[in-house]
Protein chains: 4
Amino acid sequence: MPSSQAVTKPRPATLVRHERRKDARPGELLAAALDLFVEKGFAATRVEEVAVRAGVSKGTLFLYFASKEELFKAVVRENISGHFPQWNAEFEAYQGSTPDMLRYAMTLWWQQQGSSKSSGIAKLMLSEAGNFPELAAFFQQEVVQPGHDLIRRILQRGVDRGEFAPIDKKYSVYAVLAPMIFLQLMQHSNPCCFDATDPVVPEEFLAAHVQTTLDGLRLRPSSPASDKGSRSV
Amino acid sequence: MPSSQAVTKPRPATLVRHERRKDARPGELLAAALDLFVEKGFAATRVEEVAVRAGVSKGTLFLYFASKEELFKAVVRENISGHFPQWNAEFEAYQGSTPDMLRYAMTLWWQQQGSSKSSGIAKLMLSEAGNFPELAAFFQQEVVQPGHDLIRRILQRGVDRGEFAPIDKKYSVYAVLAPMIFLQLMQHSNPCCFDATDPVVPEEFLAAHVQTTLDGLRLRPSSPASDKGSRSV
Amino acid sequence: MPSSQAVTKPRPATLVRHERRKDARPGELLAAALDLFVEKGFAATRVEEVAVRAGVSKGTLFLYFASKEELFKAVVRENISGHFPQWNAEFEAYQGSTPDMLRYAMTLWWQQQGSSKSSGIAKLMLSEAGNFPELAAFFQQEVVQPGHDLIRRILQRGVDRGEFAPIDKKYSVYAVLAPMIFLQLMQHSNPCCFDATDPVVPEEFLAAHVQTTLDGLRLRPSSPASDKGSRSV
Amino acid sequence: MPSSQAVTKPRPATLVRHERRKDARPGELLAAALDLFVEKGFAATRVEEVAVRAGVSKGTLFLYFASKEELFKAVVRENISGHFPQWNAEFEAYQGSTPDMLRYAMTLWWQQQGSSKSSGIAKLMLSEAGNFPELAAFFQQEVVQPGHDLIRRILQRGVDRGEFAPIDKKYSVYAVLAPMIFLQLMQHSNPCCFDATDPVVPEEFLAAHVQTTLDGLRLRPSSPASDKGSRSV
DNA sequence: GATGAATGAGACTTCATTCAT
DNA sequence: TATGAATGAAGTCTCATTCAT
């Protein structure tokens, strides 16, 4: 089981072609797999097509990945869960206010994930998780859990520092998550349901949602019961 | 030389029970198909499983539906598009204010569609449309188009009666649609992404969204047009 | 096993419709089956299509014919082998010269069989006999054998009466048969191999062949060895 | 709820022997297919049986031929139409008299095609063309058309060189073709219709027919045109 | 007698996975 | 390490035949 945690490192263009390709195989396979999984879904993607797009034979793919499911897991690690150590470290060290931190987190997410093909993987899981329980468990453990944890830590920091009211955390995590899920869907779904509209500008959409969320979370000096709809997402 | 005699194949006169309920069959098959399509998606649902769940054999299914795709279309007609005539008529005859009408439409939608298995079909199309172009075209024509049209007519009524500001219609249709799509997903997606939160109460969620939308749509006596992006959902 | 030897008798048009249809069922089924077997072959003809063309249900067909093969046999009896008693009787009683008799036989064959759909059945057997050994045996017994016998008796009569030379009979039978087989094929085969020509006039074609055959058969007062090609078909 | 895990399916590591003879496979499959198509016809031949006879599994066949129809086309190309370039070249370069050329053509045809299994393919098309229109079109284009063209060119050469009378060409083509079709049938049809006779020696049969045809075609010094129908084969 | 709903073996085709080279 | 030929279970759909009504 090749762990393939090997985040593609840029490589000097001076190497001999054959040698370059040889070492790059797993990365090329992962890139091809990402493309195809996002484009057609997990079940509808054929491993042979992945291999062909990566310029290798079907047999070679199985040399690096024990099965189609392992290939998928590697794609998830390469493109999503592999980034958590860095993200966690980055936010562990964050110095500014928590509202700024949350805004930054959303911005970073959009730049690194939401706007990239990675978001197609998350969207795919929404659809196919039911048919592939093992993948669902893996995704839950490697992506959903750490993601929730990270958000929860940010929120907890806000509470601890007196910036946020000490509200229910599960609910708040979801409030942060909702627009992300929504954007992932919009990016990768059948045009007929979304695109026939004025294009939603994702950055603005996110900004608005973060603002709304912050409004809801912020510790207010004296708050009469004046919130109603804003909390329900 | 395998001498065939390929046709005559005497059947053992064992127990064969002809249930003989012609009129009930299509409905039972459609119900089973709806269940399974929603549960596993179109591609991952096997026709034989549909047949078995309906209590008949594989061949019987093809007595009523010419192919798996036709079965799916029939499910869509039975559960979604077949209701449009009634909906259209109902809203054609609606007497109250347009804001009330919109609220009523959303409530009705949730009761009849959003909260039912039908919404799983729409969710399924988001994922699989790309792999089944003919189904995508069918769904676009039979569901998406009429749905957009109906919403558009409601909005136009509001504008015509001076209740709504004459804003861009495509955009407004989408503003109405967005929460519906979101709820459909929440209903039918991998729990790991949604349910690990306080349950969102769909009715409240919808009510809040309708209220927000109405705020945006309402014709205001004197409005210094100073918001733009924030309105995007 | 309904023997269906019932050569369709013309029926007075005075009877009640329902009653007429009831008694006519087997005949209508046989007619439909003949059409379809000739048109598409045995294996490619679906029993349901036969039933539909006859205006009855699939179940009714199996009421009259135990299987698709039995249906085919009934078609053969109805259209071909059922005529042998009459033909045999007619030629038993023939009074003229044997050459005339042979000419008459060929003419009769063309009128009653060669030019009719029956000839499609014989052509069909050429193609499909290998796949349906039981049908092949049946056809051999009910059609080929009696046909050969009839021809052989005619030829023997010519020899006995001193009109034909006492040549090998098997060979002569074949000489008579060849053009019949050929015409059956031409009638019912893929146009691309035959029809792109000046139409062969079957009657002339037959006449020429009979003449050639008679030339070969005729008892000649003094024959030096002057025959060569004429005898080889 | 049959939880699928639909993809991963560990295979017992039992005996699997990869024969590994890529280059030989297509030929072996084509040979097996030729045998079976000739023996049972197109529709009645099962691809699995072809594969088994070639010593491979069902899936392997589809590695080389995209469908049963493509397999059939490949058989036709391999055994019949692929030879046309060579035949055309050979007759383009022919130096002798046209009557000799025609005799040679028939002899060559018998040696290479008529007496081989290839002729079973042509016989098969007579029966099944109607049920497989795409195959019929293919055969017409790849075999029938070039074949007619070749014969026509030979006849035209005879006319041009003053060896043949300038008779209608379509008709003459057919005169040449008829015995070939007849022999193909005799080779591959139900014995009951043909073999119960003294065996027809195909070479003699062909020779006789060619002679007859040549008699008809030959330019005669002074011919009071008094024959017409008798010439029709 | 007549119907037609129901059956299920079997056809073609796909594709993840294996393994000799 | 890399290949790609080979496998075979599984999926969709067909159709002769049965039998309750």
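**Exercise 1. Identify the contact between the side chains of A:Asp35 and A:Lys117.**

Solution. In this predicted model, the side chains of A:Asp35 and A:Lys117 approach each other to 2.8 Å, N to O. A salt bridge requires a Lys or Arg nitrogen within 4 Å of a carboxyl oxygen of Asp or Glu, so the pair qualifies as a salt bridge.

**Exercise 2. Describe how domain 1 and domain 2 of chain A meet.**

Solution.

Step 1, the bounds. The domain assignment places residues 17–77 of chain A in domain 1 and residues 80–232 in domain 2.

Step 2, the residues in contact. Domain 1 of chain A contributes 13 residues to the contact, and domain 2 of chain A contributes 17 residues.

Step 3, the buried area. Between them, the two domains of chain A bury about 1400 Å², of which 70% is on carbon and sulfur atoms. On the side of domain 1, the residues that lose the most area to domain 2 are A:Val38, A:Phe72 and A:Val76; together they make up 37% of what that side buries.

Step 4, the polar terms. Two salt bridges are counted between domain 1 and domain 2 of chain A. Seven residue pairs are in polar contact across this interface, both residues being at pLDDT 80 or more.

Step 5, the elements. On the side of domain 1 that touches domain 2, two or more residues each come from α1 (17–40) and α4 (68–79) of chain A. The most come from α4(A), which gives six residues. By class, the residues of this side are eight nonpolar, one polar and four charged.

**Exercise 3. Classify the aromatic pair of A:Phe91 and A:Tyr104 and locate its members.**

Solution. Two quantities describe such a pair: the distance of the ring centres and the angle of the planes. For A:Phe91 and A:Tyr104 these are 5.9 Å and 50°. Planes under 30 degrees apart would be stacked and those over 60 edge-to-face, so this pair is tilted. A:Phe91 belongs to helix α5 (residues 84–92) of chain A and A:Tyr104 to helix α6 (residues 98–114) of chain A, 13 residues apart. The structure holds 40 aromatic pairs over all chains.

**Exercise 4. Determine which parts of chain B are joined by the salt bridge of B:Arg53 and B:Glu39.**

Solution. The closest N and O atoms of B:Arg53 and B:Glu39 are 3.6 Å apart. B:Arg53 lies in helix α2 (residues 47–53) of chain B and B:Glu39 in helix α1 (residues 25–40) of chain B; therefore the pair ties together parts 14 residues apart in sequence. Over all chains, the structure holds 45 salt bridges.

Definitions and conventions:
Residues numbered from 1 in each chain as written. Chains lettered and ligands numbered in written order. Heavy atoms only, no water. Domains from an automatic or database assignment. Contact = heavy atoms within 4.5 Å. Buried area = accessible area lost by both parts, 1.4 Å probe. Polar contact = N/O pair within 3.5 Å; in protein donor to acceptor, adjacent residues only side chain to side chain. Helix = DSSP H or I, 4+ residues; strand = E, 2+ residues; numbered from the N terminus. Nonpolar A, V, L, I, M, F, W, Y, C, P; charged D, E, K, R; others polar. Phe/Tyr/Trp six-rings, centres within 6.5 Å; stacked < 30°, edge-to-face > 60°.
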